[in-house]
Amino acid sequence: MDDGHAVLWSWLMDHAPVDTVRQALADGVVLDTWINGDAEEQVGAAAETRLVQEQERWVTTALTTGAIFPARPMPDAYVRTVFHDLLFSTALYAAHQAKGRRTVDVPDVEEAAARLRRFVARAPAGLTAAGVVFFVIATHEDLNAIAYYGRMAADDFLHGRLHRPWSPVVLQAQLALYHRLGWVDRVFTGTGDMLTLTDRGRAVVERLRHILAASGELAWRADNQRWAVFGEMDYDTVLARVAPDANAQTAQYLKSLGLRAGMRVLEVGCGTGRATVDLGLADLVGPGGMVVALDPSRTLLDKLEAKIRARGIRNVQVVQGIAEALPFPAHTFDAAVAVAALHFTDVDRAVAEMARVTKPGGLVSALCPPPEFDVRTIPMVALWFRPLTALAERLGVPFGEKNGLPRGRLQAAFARHLTDVVVTDLPRTVSAEDYRSFLTFVLKGAAFFQNILCRLPYHERGALIQRLEETGAAIAAHTTPAEKQAVVYNEAAYGRVPGA
Ligand SMILES: C[S@@+](CC[C@H](N)C(=O)[O-])C[C@H]1O[C@@H](n2cnc3c(N)ncnc32)[C@H](O)[C@@H]1O
């Protein structure tokens with residue numbers, strides 16, 4: 001057996017890989033199956049040419065300097081893959097950040113190259129840092145998938161069918177390496193070779209998971225998987241099916257704010273403008289007032305802007321940004337509100353920011369989903385989502401996330417930054433009657449289960465969603481209307497900016 005295992009193992013146990021992956025994230029250099037493996041992205045011909053030029057420049061430097069893994073020179077194809085994959089997924093990520101779309105143009109490739117240059121210049125390992133990021137993420141993807149399935153046909157592995165629909169060209173070299181290091185066993189079963197993990201392999205996958213968790217890569221992956229799906233649903237229609245009285249409740253909440261004509265109001269997390277323009281926030285401040293509607297998602301803001309144009313609305317201004325760093329000077333607004341949005345933010349920072357940009361004595365208010373909402377309070381969903389429950393237990397992660405704030409968190413954030421704080425409960429129905437909309441909402445919209453999905457092998461993510469879609473029909477047919485819904489309590493919080 002190759003004593004390379006001992007060398008790589010002690011390197012994996014060192015803190016350096018954690019720091020390197022963390023540094024890459026900080027520099028916006030990313031690599032992930034859900035970016036690389038998705039078919040929805042588009043790379044224009046000019047961008048593709050630029051990508052290949054840039055990749056070859058890096059490859060030439062890496063090969064002539066013997067970088068990547070100086071102690072263990074890698075085949076040219078491996079080196080080429082490292083740079084292709086890093087540049088490609090970073091360009092997709094940059095495209096999303098800049099335009100809210102996964103369409104890569106030449107400037108996105110330039111941006112990816114600039115990020116990679118910055119990262120390599122800053123990382124203590126220099127050019128090898130690029131190899132480290134690739135090795136940690138790709139090896140985790142490979143070994144984690146074998147661990148997840150228990151065993152995998154060698155042929156499936158070599159084609160990346162179940163776990164890595166990207167860079168299959170290096171899978172043979174990777175497998176040879178795993179064999180040499182004693183991480184993977186090959187078992188002949190009569191129907192073909194199967195791969196299993198050895199004890200060493202299991203220890204390595206545990207360590208790689210730790211590196212991804214400690215560096216923040218897993219959290220980043222869970223969070224950012226959402227951008228792949230959030231804008232890709234008809235939010236307004238789906239919400240109306242899943243929460244049939246949500247619009248009535250939001251309209252009632254907006255009236256409770258006591259806003260007056262002529263006020264300048266900030267709305268944080270406006271999305272498609274359901275509250276802003278559909279349910280009357282802009283009407284409350286009248287033509288002499290102004291609503292500044294802020295959201296990080298370009299896709300959703302485009303939908304709001306289309307509504308504004310179609311309806312000839314003149315008192316709404318759209319701004320792209322996040323609640324935690326509002327791009328406005330102190331005391332700009334008469335009031336700041338957020339509808340169904342603060343549970344996606346760092347709520348303490350968001351409320352602090354809303355208080356900062358509102359005038360002393362002004363209102364800060366938020367309507368939030370039920371705290372710690374568990375979709376299994378709907379009896380049909382408890383039955384239907386049993387595979388997700390089992391997976392959460394097996395992976396040791398919470399069942400759902402982003403499904404409402406922890407109880408008491410909204411009240412505490414308001415109390416910390418505001419005076420005269422009042423929090424009330426507002427009942428509404430949540431329904432799985434239209435099971436397809438329900439699935440779309442919880443998986444693609446509110447994205448409750450990214451924490452689970454981001455830990456699954458690539459193929460299994462899609463397969464799980466498909467299985468849930470298929471079983472949904474049967475379970476819907478065998479449950480009563482009452483078993484398809486539950487009453488939940490949203491929280492409405494109100495406070496005043498001190499110092500009036
Ligand atoms: C459930 S939607 C609600 C949209 C809209 N307010 C409504 O009631 O229909 C949540 C919104 O929060 C936005 N969001 C997510 N993270 C955010 C952040 N850090 N700051 C501000 N908004 C954020 C999302 O882009 C999305 O538009």
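Guide: Before we start, one term: two strands count as paired if DSSP finds at least two bridges between them. The model here is predicted, by the way.

Visitor: Then let me try that out. Which residue in S12 does threonine 424 stand opposite?
Guide: Start with the two strands: S11 and S12 pair in the antiparallel sense, over 11 bridges. Across that pairing, the partner of threonine 424 in S12 is alanine 492.

Visitor: Let's step back. How many helices and strands are there in the protein?
Guide: There's plenty to look at in this predicted model. Along its principal axes, the C-alpha trace spans about 75 × 55 × 40 Å. The count for the protein comes to 23 helices and 12 strands.

Visitor: Why can the protein be called as compact as a globular protein of that length?
Guide: You set the radius of gyration beside what the globule rule gives for 500 residues, which is 23 Å. The protein is as compact as a globular protein of that length because its own value is close to that, at 25 Å.

Visitor: Now the sheet with seven strands. Which strands stand at its edges, each with a single partner strand?
Guide: This sheet is open and its pairing is mixed, with the order S8-S7-S6-S9-S10-S12-S11. Each edge strand has one partner, so one side of it is left without a neighbour in the sheet. Those edge strands are S8 (316–320) and S11 (419–431).

Visitor: What does the twist average from one strand to the next?
Guide: We're still in the open sheet of seven strands. Going from one strand to the next, the twist averages 15 degrees.

Visitor: Do S6 and S9 run parallel or antiparallel?
Guide: Strand S6 covers residues 264–268 and strand S9 covers residues 333–339, with four bridges joining them. Glutamate 267, for example, stands opposite valine 337 in S9. The direction of S6 and S9 is parallel.

Visitor: And S10 with S12: how many bridges?
Guide: One spot to look for is serine 365, which stands opposite tyrosine 494 in S12. S10 and S12 pair in the antiparallel sense, and the bridges number six.

Visitor: Which strands does helix H13 lie across?
Guide: Helix H13 takes in residues 246–256 and runs at about 165 degrees to S11. Another helix, H20, lies across S10, S11 and S12, running at about 5 degrees to S12. As for H13, the strands it lies across are S9, S10, S11 and S12.

Visitor: H20 came up there. At roughly what angle do the axes of H17 and H20 cross?
Guide: H17 is residues 347–357 and H20 is residues 409–417, and their axes come within 9 Å. The contact includes Val351 and Ala355 in H17, and Leu410 and Phe414 in H20. Its residues divide into seven nonpolar, one polar and three charged. The crossing is right-handed, at roughly 35 degrees.

Visitor: On to the sheet with three strands. Which strands stand at the edges there?
Guide: The order is S3-S5-S4 in an open sheet, with antiparallel pairing. Each edge strand has a single partner, so one side of it lacks a neighbour in the sheet. That description fits S3 (152–153) and S4 (184–188).

Visitor: Which residue in the turn of the S4 and S5 hairpin has a positive phi?
Guide: S4 and S5 pair in the antiparallel sense over five bridges, and phenylalanine 188 stands opposite aspartate 193 in S5. Four residues lie between the two strands of the hairpin. In that turn, the residue with a positive phi, about 100 degrees, is glycine 190.

Visitor: Last one: which residues around the ligand are the closest?
Guide: There are 18 residues surrounding the ligand. By class, that shell has 11 nonpolar, four polar and three charged residues. The closest are Gly269, Gly271, Arg274, Ala323 and Phe344.

Note on methods: Residues are numbered from 1 along each chain as its sequence is written. This is a predicted model: local features need pLDDT of at least 70, side-chain atom pairs count only at pLDDT 80 or more; totals for chains, interfaces and linings use all residues. Axes are lines fitted to C-alpha atoms, for helices over the stretch in contact, and angles run from 0 to 180 degrees between N-to-C directions. A crossing is left-handed if the near helix is turned anticlockwise from the far one by less than a right angle, and right-handed if clockwise. Two residues are in contact if their C-beta atoms, placed from the backbone, lie within 7 Å. Ala, Val, Leu, Ile, Met, Phe, Trp, Tyr, Cys and Pro count as nonpolar, Asp, Glu, Lys and Arg as charged, and the others, Gly among them, as polar. A residue is near a molecule or strand if its C-beta atom, placed from the backbone, lies within 6 Å of it. The radius of gyration is taken over C-alpha atoms; the globule rule is 2.2 Å times the number of residues to the power 0.38.
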